[in-house]
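Reader: Hi! I'm new to this one and would love a friendly tour. Could you pull it up for me?

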Amino acid sequence: MVANLLISLIGQLLWLAYSKRGTMVLAREHEQNVLQGDFGEAWIEAVAAGSGILHGRPTSLDLQKADVQLFLRGLVRGTYNPAVLVQVKTAIDLRQLDDGDYSYDLDVETYEMLRRDDHSVPRILAVIHVPADGDYVRLCADGTLLVGRGAWVSLEGHPPSKNSSTQVVRLPAVNTLDREGLHRMLEAHGVRRSTPVPDVKAWELT
């Protein structure tokens with residue numbers, strides 16, 4: 001009887017130790033993902049600031065799949081201060097294809113949000129690759145380097161995903177995350193567009 005109780009007690013202690021260790025590992029992984037994501041958002045804002053583009057957090061809570069809002073000052077193609085909302089993803093496994101473009105597995109929930117064509121402010125996906133190991137910030141002879149590279153893409157109008165968890169998206173390498181690339185992003189997607197009007201013949205309405 002005593003032996004059985006000891007075996008049972010030892011088993012419970014081992015299970016508790018394993019469970020606690022697993023919870024701690026998951027907590028550390030979640031914390032690392034949060035910090036990694038924060039770095040990616042700050043990375044975009046630093047590039048925007050250095051490019052003369054206004055930037056900031058769009059809302060107090062991320063409930064609309066948008067991390068950073070960008071404004072290009074001035075009048076561009078009939079729109080004053082073009083703006084976009086950018087969903088930023090930071091990844092250590094961003095794949096680069098043979099033609100130079102990037103490939104990323106985006107979660108379906110975010111994909112479905114970004115592909116909508118009825119947002120009041122256009123949405124952009126930006127994915128930044130960071131190394132799995134090493135410092136994200138490095139002091140160089142001519143300044144401070146924020147480690148990372150990536151691209152952006154507009155998913156507006158893309159077809160619905162048939163997948164249950166992730167959707168592969170392609171990010172053109174020409175859509176760079178630098179001064180030229182951010183300006184091109186805002187000039188192409190931040191300007192005002194006409195609102196679709198249904199084809200209705202007013203004289204046939206009753």
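Reader: Let me start small: does Thr90 count as buried or exposed, and why?

Author: Thr90 counts as buried because its relative accessibility is 13%. Buried means under 20% relative accessible area, exposed means over 50%, and partly exposed is in between, with a 1.4 Å probe and protein chains only. Before we go on, this is a predicted model, in which local features need pLDDT of at least 70, side-chain atom pairs count only at pLDDT 80 or more, and totals for chains, interfaces and linings use all residues. Residues are numbered from 1 along each chain as its sequence is written, and side-chain values use heavy atoms, with hydrogens and water left out.

Reader: Good to know. Where does Thr90 lie, and what does Thr90 touch?

Author: Thr90 is part of strand S5. Not counting residues up to four places away in sequence, Thr90 touches Gln36, Gly37, Gly40, Ile128 and Val130; contact means heavy atoms within 4.5 Å.

Reader: How many helices and strands does the chain have?

Author: There are three helices and 12 strands in the chain. These are DSSP runs numbered from the N terminus: helices are H or I with at least four residues, strands are E with at least two.

Reader: And which residues touch the most other members in the largest nonpolar core?

Author: That core has 24 residues, and Ile44, Leu70, Val86, Leu177, Leu182 and Met185 touch the most other members. Two or more residues come from each of helix H1 (2-50), strand S2 (68-71), strand S5 (83-91), strand S8 (123-129) and helix H3 (179-189). H1 gives the most, with five residues. A nonpolar core here is a set of buried Ala, Val, Leu, Ile, Met, Phe, Trp, Tyr and Cys residues joined through side-chain atoms within 4.5 Å.

Reader: What is Ile44 in contact with?

Author: Leaving aside neighbours within four places in sequence, Ile44 is in contact with Val68, Val88, Ala126, Ile128 and Leu177. Apart from the largest core lies another one of 14 residues, including Leu94, Tyr111, Leu125 and Leu155.

Reader: Switching topic: what is the order of the open sheet of three strands?

Author: The order is S6-S7-S12, with antiparallel pairing. S6 (95-96) and S12 (166-171) stand at the edges with a single partner strand each, so one side of each has no neighbour in the sheet.

Reader: How many bridges join S6 and S7?

Author: Two bridges, in the antiparallel sense, with S7 covering residues 102-107. Strands pair if DSSP finds at least two bridges between them. Arg95 stands opposite Ser103 in S7.
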